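Let's take a walk through this one together. Have the structure open and follow along as we go.

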Amino acid sequence: MKPISGRLAGLGLRELLRVLTSVGTEGTLELETPVGSGRLVFRRGFVAGELDPEVAQACLIRSGSFAFKPGKVTVPGDAAGAPCPRRL
């Protein structure tokens with residue numbers, strides 16, 4: 001997958017997460033909103049990390065921007081490349 005970026009007004013967080021998890025991608029999603037920033041890590045279609053509730057709410061109302069950078073990721077505490085614990 002190639003890097004993608006844009007405004008959450010054009011592609012909402014739910015749609016973006018659905019696309020990134022459905023293709024089994026690896027990489028990092030950076031979110032910038034009026035109330036703060038957030039970061040989610042994807043590996044083989046699984047998601048790691050949590051968003052601050054205010055950032056998540058801003059994303060859900062499509063306020064802010066995103067940038068996905070594909071690439072190999074590591075998750076702290078990960079055991080031998082096991083998948084991240086959350087799948088959407």
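This is a predicted model, so confidence comes up right away: the protein chain averages a pLDDT of 83, with 84% of the residues scoring at least 70. The weak spot to keep in mind is residues 83–88, where the pLDDT is below 50. That stretch still has 21 contacts in the model beyond near neighbours in sequence.

Now go looking for aromatic rings that pair up. The structure holds one such pair, made by Phe42 and Phe68. The arrangement is edge-to-face, with 6.1 Å centre to centre and 80° between the planes. Phe42 sits in strand β3 (residues 36–43) and Phe68 in strand β5 (residues 65–70), so the pair ties together parts that are 26 residues apart in sequence. Are these two rings buried or exposed? Phe42 has 0% relative accessibility, so it counts as buried. Phe68 comes out at 1%, and under 20% is what buried takes, so Phe68 counts as buried too.

Next, swing over to helix α2, which covers residues 53–60. Its buried residues are Val55, Ala58 and Cys59. Look down the axis of α2 and you'll see why they belong together: these buried residues fall within an arc of 100°, so they line one face of the helix. And what covers them? The cover includes α1 (13–22), β2 (27–33) and β3. You've already met β3, the strand that holds Phe42.

Before you leave this part, check the backbone after the helix. α2 is followed by Arg62, whose phi is positive, near 65°.

Key
Residues numbered from 1 in each chain as written. Predicted model: local features only at pLDDT ≥ 70, side-chain atom pairs only at ≥ 80, totals over all residues. Heavy atoms only, no water. pLDDT = per-residue confidence, 0-100. Contact = heavy atoms within 4.5 Å. Phe/Tyr/Trp six-rings, centres within 6.5 Å; stacked < 30°, edge-to-face > 60°. Helix = DSSP H or I, 4+ residues; strand = E, 2+ residues; numbered from the N terminus. Buried < 20%, exposed > 50% of the residue type's maximum accessible area, 1.4 Å probe, protein only. Arc of directions from axis to C-beta.
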